[in-house]
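Please work through the exercises below with the sequence and the coordinates at hand, and attempt each task before reading its solution.

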Amino acid sequence: MCDRRWLHGVNTAIELVRRGLSVVLLEGRRIGWGASGRNGGQLIRGIGHEVSGFARYVGQEGVAYLQRAGIESVEVVGRRVQEDGIDCDLRWGFCELANTPAQYAAFQAEQQSLEGLGYRHQTRLYGPQQMHEVVASKVYAGGLLDMGSGHLHPLDLVQGEARLAASLGCRCSSTARCSNWCMAPPCRCAARAAACGPAAWCWRAMRTWTTWSHA
């Protein structure tokens, strides 16, 4: 297996190595050089936007699945940081702020929805008169505190995960920049067929002497 998108790739590598597979990770620059190490570090439940609009495509069961996935993804990171001792300055607690009374009312519905999903973490609603406990501003109409979301140092996280992957036996290369990729036909060599399977992804690195395969 070969991958270069670090937050996704390195976590996939860790899971595969722990299942006994041989894994290679490629990176054209330094580990965490791009968005994986330069993002804001918010560790917040959800998938980035409201999912109820997907009901027409995936049904209510599909929406519930997306909601649970947005919760579990945060918990996966939290467990990895704790269990594997990754020092990335993780701090729990996030308060979403309402600019209007309508947004605050939506927070109330969101809290009830989380309870219905069996959300295990503390949540608390802050009304307009309580917002001084959260932020030194009087412009907000309220807030929803979520102790199951938080903030961390993204570069420390991805580099810590890369070190973990390497310690487990994953081979990591930060000098193998890929210029193109192609869908490979079934491997013709019996040995490679056993290793790669019938539909391998082949990545041709800029080093002309190297071709990496993603099974």
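The three exercises that follow concern a predicted model, and each is solved step by step.

**Exercise 1.** Identify the residues that make up the largest nonpolar core, and state which element gives the most to this core.

Solution. The largest nonpolar core has ten residues in all, namely V10, A13, I14, V17, V23, L25, A162, L164, A165 and C170. The elements that give two or more residues to this core are α1 (6-18) and α5 (154-167), and α1 gives the most, with four residues. As a further step, take C170 and leave aside its neighbours within four places in sequence: C170 is then in contact with A13, V17, V23, L25 and A165. A second, separate core comprises nine residues, among them L43, C88, L90 and L157.

**Exercise 2.** Decide whether E75 is buried or exposed, and find the partner of its side chain in a polar contact.

Solution. Begin with the location, which is helix α3 (residues 55-83) for E75. E75 counts as buried because its relative accessibility is 12%, and the cut-off for buried is under 20%. The side chain of E75 makes a polar contact with the side chain of R120 at 2.9 Å. Beyond neighbours within four places in sequence, E75 is in contact with R120 and H121.

**Exercise 3.** Describe the surroundings of G142, including its C-alpha separation from A98.

Solution. G142 lies in strand β6 (residues 142-151), and with a relative accessibility of 0% G142 counts as buried. Although G142 and A98 are 44 residues apart along the chain, their C-alpha atoms are separated by 5.2 Å. Not counting residues up to four places away in sequence, G142 touches E96, L97, A98, Y104, F107, Y126, G127, P128 and M131.

Notes
Residues numbered from 1 in each chain as written. Predicted model: local features only at pLDDT ≥ 70, side-chain atom pairs only at ≥ 80, totals over all residues. Heavy atoms only, no water. Core = buried A, V, L, I, M, F, W, Y, C linked by side-chain atoms within 4.5 Å. Buried < 20%, exposed > 50% of the residue type's maximum accessible area, 1.4 Å probe, protein only. Contact = heavy atoms within 4.5 Å. Polar contact = N/O pair within 3.5 Å; in protein donor to acceptor, adjacent residues only side chain to side chain.
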